[in-house]
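Open the model in your viewer and keep the sequence panel beside it. The stops below say what to select next and what is there.

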Amino acid sequence: MTTPATPADSTTGTPAAPDTPADLLAALAPLLAAESDAEAPAAGVEPGDLEQAVWLRLLERLRDTGAPERPAEWLRRAVRAEARRARRTGDRERPYRTEPVHEPAGAEPHGSPEGSLLAAEGRRTLRAAVTRTPGRCPGVLAAMLDPKDRTYREIAGELGISQGSLGPMRSRCLGCLRRMLAAEVPAPSRRGRVC
């Protein structure tokens with residue numbers, strides 16, 4: 001199907017405003033495709049998604065206020081505005097975690113056998129690291145990991161320390177545990193390679 005040629009504005013070389021909405025859409029299609037292809041990579045979206053958003057915006061404008069006076073300029077501004085909106089939305093959105101949620105003690109694990117095996121290996125690694133922590137940390141951390149979910153008062157009584165010192169001790173022990181586990185699992189370098 002061929003689109004009718006739209007007379008060009010002699011001053012800017014852009015298509016002049018067509019008479020009908022269908023002519024306007026046909027005249028702006030190549031420009032929209034080119035602008036979307038140019039703006040989409042920086043916005044982190046597909047060019048087709050950007051085109052659809054601008055088409056929707058144009059159709060809403062045609063319905064509410066009519067055709068823009070300078071359609072090509074309006075279209076360029078609309079593409080850039082939609083690209084900015086896509087960037088802002090992309091910055092705020094976070095993907096769902098793919099790791100399974102920790103199940104309560106005694107519950108049957110959901111998912112694949114590999115997921116259950118990896119979760120069990122993670123628990124074994126954590127327990128082994130807890131036993132290697134210095135000082136009173138193994139007792140504090142083991143009490144915190146206890147599935148009975150005891151209160152600070154109960155844990156402090158069992159360990160023979162004051163309830164007020166349990167929080168700071170717990171923080172120091174968790175920091176030590178975090179550093180130990182970080183040393184075992186290498187962090188990715190700046191370019192994503194594991195050192």
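Select C173 in this predicted model. C173 has a relative accessibility of 1%, so this cysteine counts as buried. Colour helix 7, residues 163-184, to see the element that holds C173.

Next, add C137 to the selection. What do C137 and C173 form? The two cysteines form a disulfide, and their sulfur atoms are 2.1 Å apart, which is within the 2.5 Å cut-off for such a pair. The structure holds one disulfide. Look along the S-S bond: the angle about the bond is -80°, and the link of C137 and C173 is left-handed. C137 lies in helix 5, residues 137-145, and C173 in helix 7, so the pair ties together parts that are 36 residues apart in sequence. C137 is buried as well, with a relative accessible area of 10%.

Now select C176. Why is the sulfur of C176 not bonded to the one in C137? The closest cysteine sulfur to that of C176 is in C137, and the distance of 5.6 Å is too far for a bond. C176 has a relative accessible area of 15%, and because buried means under 20%, this residue is buried too.

For the last stop, move to helix 3, residues 71-92, and select E82 within that helix. Is E82 buried or exposed? E82 is buried, at 10% relative accessible area. Show the residues around E82: apart from neighbours within four places in sequence, E82 is in contact with L50, A53, V54 and R57.

Notes
Residues numbered from 1 in each chain as written. Predicted model: local features only at pLDDT ≥ 70, side-chain atom pairs only at ≥ 80, totals over all residues. Heavy atoms only, no water. Helix = DSSP H or I, 4+ residues; strand = E, 2+ residues; numbered from the N terminus. Buried < 20%, exposed > 50% of the residue type's maximum accessible area, 1.4 Å probe, protein only. Contact = heavy atoms within 4.5 Å.
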